[in-house]
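Reader: I am new to this structure and would be grateful for a close look at one helix and its surroundings. Please explain each term as it arises.

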Amino acid sequence: MVRLPLSPEEVERGQRLGALLRRARGERSMLVTALEAGVSPETLRKIESGRVATPAFPTIAAIADVLGLSLDAVWSEINRPDGGVVIARTGRTTGARRLAS
């Protein structure tokens, strides 16, 4: 299977997703977060670093769930042209809070 090159917009969106997940994870261990989400720590590291710019939806859904992030908010955030950060938490972890960039 040949993968088409990603557009600059897709690469940028992947970088925003990675940065968002890193901020949301905060001080939590990457290993524990990945295992709770059912993904490998290497996969989480690649997504957070932007090396995997277009991860599978179930992967992002699982990570977002573990971090208590709303998928609607994640989608809105990674598609914001200004790169600002406003995230709604689902309440699964520590409750609602604003994440600053």
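Author: The protein has five helices and zero strands, where helices (H or I, at least four residues) and strands (E, at least two) are DSSP runs numbered from the N terminus. Along the sequence this gives the pattern α-α-α-α-α. The model is a predicted one, in which local features need pLDDT of at least 70 and side-chain atom pairs count only at pLDDT 80 or more, while totals for chains, interfaces and linings use all residues. Residues are numbered from 1 along each chain as its sequence is written, and side-chain values use heavy atoms, with hydrogens and water left out.

The helix chosen here is α3, which spans residues 41-49. Its buried residues are Leu-44, Ile-47 and Glu-48; buried means under 20% relative accessible area, exposed means over 50%, and partly exposed lies in between (1.4 Å probe, protein chains only). Seen down the axis of α3, these buried residues fall within an arc of 95°, so they line one face of the helix. The arc is that of the directions from the helix axis to the C-beta atoms. Among the elements that cover the buried residues of α3 are α1, α2 (30-37) and α4 (57-67). In the protein as a whole, buried residues make up 37% of the 101 residues.

Glu-48, one of these buried residues, meets the side chain of Arg-25 in a salt bridge (2.8 Å, N to O). A salt bridge is a side-chain nitrogen of Lys or Arg within 4 Å of a carboxyl oxygen of Asp or Glu. This pair links distant parts of the chain, as Arg-25 belongs to helix α1 (residues 8-25) and lies 23 residues from Glu-48. Both partners, Glu-48 and Arg-25, are buried.

A second salt bridge joins the side chains of Glu-42 and Arg-45 (2.5 Å, N to O). Both residues lie in helix α3, three residues apart, which is about one turn of the helix. Glu-42 is partly exposed at 35% relative accessibility, and Arg-45 is likewise partly exposed, with a relative accessible area of 34%. Leaving aside neighbours within four places in sequence, Arg-45 is in contact with Met-30 and Arg-51; contact means heavy atoms within 4.5 Å. The C-alpha atoms of Arg-45 and Leu-31, which are 14 residues apart along the chain, are separated by 9.4 Å.

The structure holds four salt bridges. One of them lies between Glu-36 and Arg-28, with the closest N and O atoms 2.6 Å apart. Here Glu-36 is partly exposed, with a relative accessible area of 46%, and Arg-28 is partly exposed at 27% relative accessibility. Just after α3, Gly-50 takes a positive phi of about 85°.

The nonpolar surroundings may be considered next. In soluble globular proteins, nonpolar side chains tend to be buried together. A nonpolar core is a set of buried Ala, Val, Leu, Ile, Met, Phe, Trp, Tyr and Cys residues joined through side-chain atoms within 4.5 Å. The largest such core in this protein has 17 residues, and those with the most contacts inside it include Ile-47, Leu-17 and Leu-21. The elements that give two or more residues to this core are α1, α2, α3, α4 and α5 (71-78). Its largest share, five residues, comes from α4.

Individual contacts show how α3 meets its neighbours. Leu-21 is in contact with Ile-47 and Glu-48, and also with Ile-60, Ile-63, Leu-67 and Leu-69, leaving aside neighbours within four places in sequence. Thr-59, found in helix α4, is buried, with a relative accessible area of 18%. Not counting residues up to four places away in sequence, Thr-59 touches Val-39, Thr-43 and Ile-47. Across the whole protein, residues 24 or more positions apart account for 53% of the contacts with a separation of 6 or more.
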